[in-house]
Amino acid sequence: MTAKRRTRLFEELSMASRRYLASYVLFNQAIADHLGLHPTDVQFLSLLSAAPAPPTVREVAEMTGLTTGSATRLVDRLERGGYVKRTPDQQDRRRVLVTPVPDRLDRVTAVWNDLGQSWQTLLDEHTDEELEVVTRHMNRAHDLSHAQMRRLRSQPKPD
């Protein structure tokens with residue numbers, strides 16, 4: 001591959017990434033508006049439904065990149081809305097876990113499932129090898145995003 005072609009591909013990828021990320025943020029906002037939730041609440045509920053076990057509030061902060069104070073407010077909102085409850089950890093009674101309320105979480109899942117077939121159709125256009133590349137990229141981008149969030153939080157805010 002020539003340097004010129006690679007430069008052009010990086011530019012195209014940069015523009016496509018910016019458009020994709022913006023469209024996803026706006027899509028997430030539309031889902032949140034539809035459900036009467038905050039966009040961060042929708043994303044956390046998605047992460048919670050994929051978590052291997054109920055997290056603590058500190059783990060919620062780590063999952064979302066929020067401060068512990070913001071994570072507490074997020075859990076408070078979702079608890080008031082009936083989406084989660086705080087439950088004592090059976091292994092360590094000093095710890096409190098954020099546990100999903102299944103029938104309320106089903107409300108969110110139903111919206112995702114309703115929209116999911118269109119996404120599945122889009123993915124069906126790809127070969128298995130292409131899906132492996134996309135998955136690898138998304139996993140690595142996830143890790144990089146969290147590293148960049150930690151980096152930003154450790155720096156002073158610009159004037």
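Helices (H or I, at least four residues) and strands (E, at least two) are taken here as DSSP runs, numbered from the N terminus. The model is predicted, and local features need pLDDT of at least 70, side-chain atom pairs count only at pLDDT 80 or more, while totals for chains, interfaces and linings use all residues. Residues are numbered from 1 along each chain as its sequence is written, and side-chain values use heavy atoms, with hydrogens and water left out.

With those conventions in hand, the overall layout comes first. The protein has six helices and two strands, and from the N terminus on its elements follow the order α-α-α-α-β-β-α-α. The C-alpha trace spans about 60 × 45 × 30 Å along its principal axes. Of the 159 residues in the protein, buried residues make up 22%; buried means under 20% relative accessible area, exposed means over 50%, and partly exposed lies in between (1.4 Å probe, protein chains only).

A good place to look next is the largest pocket. On a 1 Å grid over the protein atoms alone, a pocket is an open set of points with protein on both sides within 12 Å along at least five of seven lines, whereas a cavity is a set of points where a 1.4 Å probe fits but cannot get out; lining residues have an atom within 4 Å of a point. Grid points are joined across faces, edges and corners, and a volume is the space filled by probe spheres set on the points. By this measure, the largest pocket holds about 2,200 Å³ of space. Its lining counts 43 residues, and those nearest the centre are Tyr20, Leu21, Tyr24, Gln43 and Met138. Two or more lining residues come from each of helix H1 (3-35), helix H2 (39-50), helix H3 (57-64), helix H5 (102-124) and helix H6 (128-154). Helix H6 gives the most to this lining, with 12 residues. In composition, the lining of the largest pocket has 26 nonpolar residues, 17 polar ones and no charged ones. For this count, Ala, Val, Leu, Ile, Met, Phe, Trp, Tyr, Cys and Pro are nonpolar, Asp, Glu, Lys and Arg are charged, and the others, Gly among them, are polar.

Some of these names return at the surface. Tyr20, Leu21, Val134 and Met138 form a nonpolar patch there, with about 380 Å² of accessible area together, and the elements that give two or more residues to the patch are H1 and H6. Patches are made of residues with over 30% relative accessible area and no salt bridge, with like charges joined within 9 Å and nonpolar side chains (Val, Leu, Ile, Met, Phe, Trp, Tyr) within 5 Å. Accessible areas come from the Shrake-Rupley method with a 1.4 Å probe, and for residues only the protein chains shown count as cover. Val134 lies in helix H6 and counts as partly exposed because its relative accessibility is 35%. His126, in the loop between H5 and H6, is partly exposed as well, at 34% relative accessibility. The C-alpha atom of His126 is separated by 40 Å from that of Arg73, 53 residues apart along the chain.

Turning to charged contacts, the structure holds six salt bridges, each defined as a side-chain nitrogen of Lys or Arg within 4 Å of a carboxyl oxygen of Asp or Glu. Arg8 and Glu12 meet in one of them through their side chains (2.6 Å, N to O). Both residues lie in helix H1, four residues apart, about one turn of the helix. Arg8 is partly exposed at 39% relative accessibility, and Glu12 is partly exposed at 43%.

The side chains of Arg77 and Asp41 also meet in a salt bridge (2.6 Å, N to O). Arg77 belongs to helix H4 (residues 68-80) and Asp41 to helix H2, so this pair ties together parts that are 36 residues apart in sequence. Arg77 is partly exposed, with a relative accessible area of 31%, whereas Asp41 is buried at 3% relative accessibility. In the salt bridge of Arg95 with Asp89, the closest N and O atoms are 2.9 Å apart; here Arg95 is partly exposed at 32% relative accessibility, and Asp89 is buried at 8%. Asp76, Glu79 and Arg86 are linked in a network of salt bridges.

Finally, Val84 sits in strand E1 (residues 84-88) and is buried at 3% relative accessibility. The C-alpha atoms of Val84 and Pro102 are 8.6 Å apart, with their positions 18 residues apart along the chain.
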